[in-house]
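Colleague: Before I rely on any of the labels attached to this structure, I would like to hear how each one was reached. Could we go through them together?

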Amino acid sequence: MLEKAKHEHEGHVLKQYRSKAEYYLCSCLNKNNATSDNVERTPGGLLYIRQWNNMQYVSTATFLLTVYSDFLRNSNQHLRCPTGTIDPEEILSFAKSQVDYILGSNPMNMSYLVGYGSKYPIRVHHRGASIVSYRENKGFIGCTQGYDNWYSRVEPNPNLLVGALVGGPDCRDNFMDQRDNYMQTEACTYNTAPLVAVFARLLQLEENLEVELVASY
């Protein structure tokens, strides 16, 4: 009886987690009743939570959207939101729109993933990227020297931080590529990490589609 009660309690807790996750997904998809219950979007369509490092919320939401669309497809279910039911394809389509924005389909025509595309941030707020390599300058560079001699430079970073996802644009899709604009140009591992899984899934879907096309001939 104790074991059964424990499983019932755990099942109830999991249902609460699922309910909260689905509520958040509905808010990302603009499918909750009140506008205040939905996640704000920029004019260009990017999810917008707050000014400082907004991309951390975009990448994690995109990850959740992608994973949940797979879950719903595999279990033959739909997402039930207050304003309607959403199928897995629509959820994945919105996740792709966020990826497209990140990679350059936005009003700034800027890829916010460093090293991708023809235009991306080149003054990332990152100590290792913004200070010259030890191979070129073996002099001592402490915190004071780094700040005084490198932080305020207007030149591009001497080291390219490939794969870094910066904080991204403001609520009006504006972005200033300045090293001291840390709210928008700071790069964090937890920004990029969720995108790795999303990219892997999108690549897998593309490869599966190619196999299906070949098989149809």
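**The cysteines**

Modeller: Let us begin with the link between Cys26 and Cys81, whose sulfur atoms are 2.0 Å apart and which counts as a disulfide; please keep in mind that this is a predicted model.

Colleague: What makes the pair of Cys26 and Cys81 a disulfide?

Modeller: The criterion is a pair of cysteine sulfur atoms within 2.5 Å, and the S to S distance of 2.0 Å between Cys26 and Cys81 satisfies that cut-off. The structure holds one disulfide, and with -85° about the S-S bond the link of Cys26 and Cys81 is left-handed.

Colleague: Which parts of the chain does the pair of Cys26 and Cys81 tie together?

Modeller: Cys26 belongs to helix H1 (residues 2-28) and Cys81 to strand S3 (residues 79-81), so the link connects parts that are 55 residues apart in sequence. Buried means under 20% relative accessible area, a condition met by Cys26 at 2% and also by Cys81 at 9%.

Colleague: How do you know that Cys28 is in no disulfide?

Modeller: The nearest cysteine sulfur to that of Cys28 belongs to Cys26 and is 9.3 Å away, whereas a disulfide needs the two sulfur atoms within 2.5 Å. Cys28 is nevertheless buried, with a relative accessibility of 1%.

Colleague: Why is Cys171 without a bond to the closest cysteine sulfur?

Modeller: The closest cysteine sulfur, in Cys28, is 17 Å from that of Cys171, which is too far for a bond. Cys171 is called partly exposed because its relative accessible area is 30%, a value in between the limits of 20% and 50%.

**The aromatic rings**

Colleague: How many aromatic pairs does a search of the whole structure find, and why is the pair of Tyr68 and Phe71 called tilted?

Modeller: The search finds four aromatic pairs. In the pair of Tyr68 and Phe71 the ring centres are 5.3 Å apart and the planes meet at 45°, so the pair is tilted; stacked would require planes under 30 degrees apart, and edge-to-face over 60. Both residues lie in helix H2 (residues 55-74), where being three residues apart separates Tyr68 and Phe71 by about one helical turn. Tyr68 is buried at 9% relative accessible area, while Phe71 is partly exposed at 33%.

Colleague: What makes the pair of Tyr112 and Phe175 edge-to-face?

Modeller: The angle between the planes of Tyr112 and Phe175 is 75°, with the centres 5.1 Å apart, and planes over 60 degrees apart count as edge-to-face provided that the centres lie within 6.5 Å. Tyr112 sits in the loop between helix H3 (88-102) and helix H4 (127-130) and Phe175 in the loop between helix H5 (143-151) and helix H6 (182-185), so this pair ties together parts that are 63 residues apart in sequence. Both Tyr112 and Phe175 are buried, and together with Tyr101 they form one aromatic cluster.

**The recorded site and the backbone**

Colleague: Where does the "active site" label come from, and which residue carries it?

Modeller: The label comes from UniProt, where an unreviewed entry lists His125, and such annotations may be inferred rather than shown by experiment. In the model, His125 is found in the loop between H3 and H4. Leaving aside residues up to four places away in sequence, His125 touches Tyr151, Arg179, Tyr182, Thr185, Glu186 and Ala187.

Colleague: What makes the phi of Asn53 worth a remark?

Modeller: Most residues other than glycine have a negative phi. Asn53, however, has a positive phi near 50° without being a glycine; this residue lies in the loop between strand S2 (47-48) and H2 and is buried, with a relative accessible area of 3%. Asp173 likewise has a positive phi, of about 70°, and its place is in the loop between H5 and H6. Asp173 is also buried, because its relative accessible area is 3%, which is under the 20% limit.

Colleague: How many helices and strands does the protein chain have, then?

Modeller: There are seven helices and four strands, and from the N terminus on the elements run α-β-β-α-β-β-α-α-α-α-α. Buried residues make up 36% of the 217 residues in the protein chain.

Definitions and conventions: Residues are numbered from 1 along each chain as its sequence is written. This is a predicted model: local features need pLDDT of at least 70, side-chain atom pairs count only at pLDDT 80 or more; totals for chains, interfaces and linings use all residues. Side-chain values use heavy atoms; hydrogens and water are left out. Helices (H or I, at least four residues) and strands (E, at least two) are DSSP runs, numbered from the N terminus. Buried means under 20% relative accessible area, exposed over 50%, partly exposed in between (1.4 Å probe, protein chains only). Rings of Phe, Tyr and Trp (its six-membered ring) pair if their centres lie within 6.5 Å; planes under 30 degrees apart count as stacked, over 60 as edge-to-face and the rest as tilted. Contact means heavy atoms within 4.5 Å.
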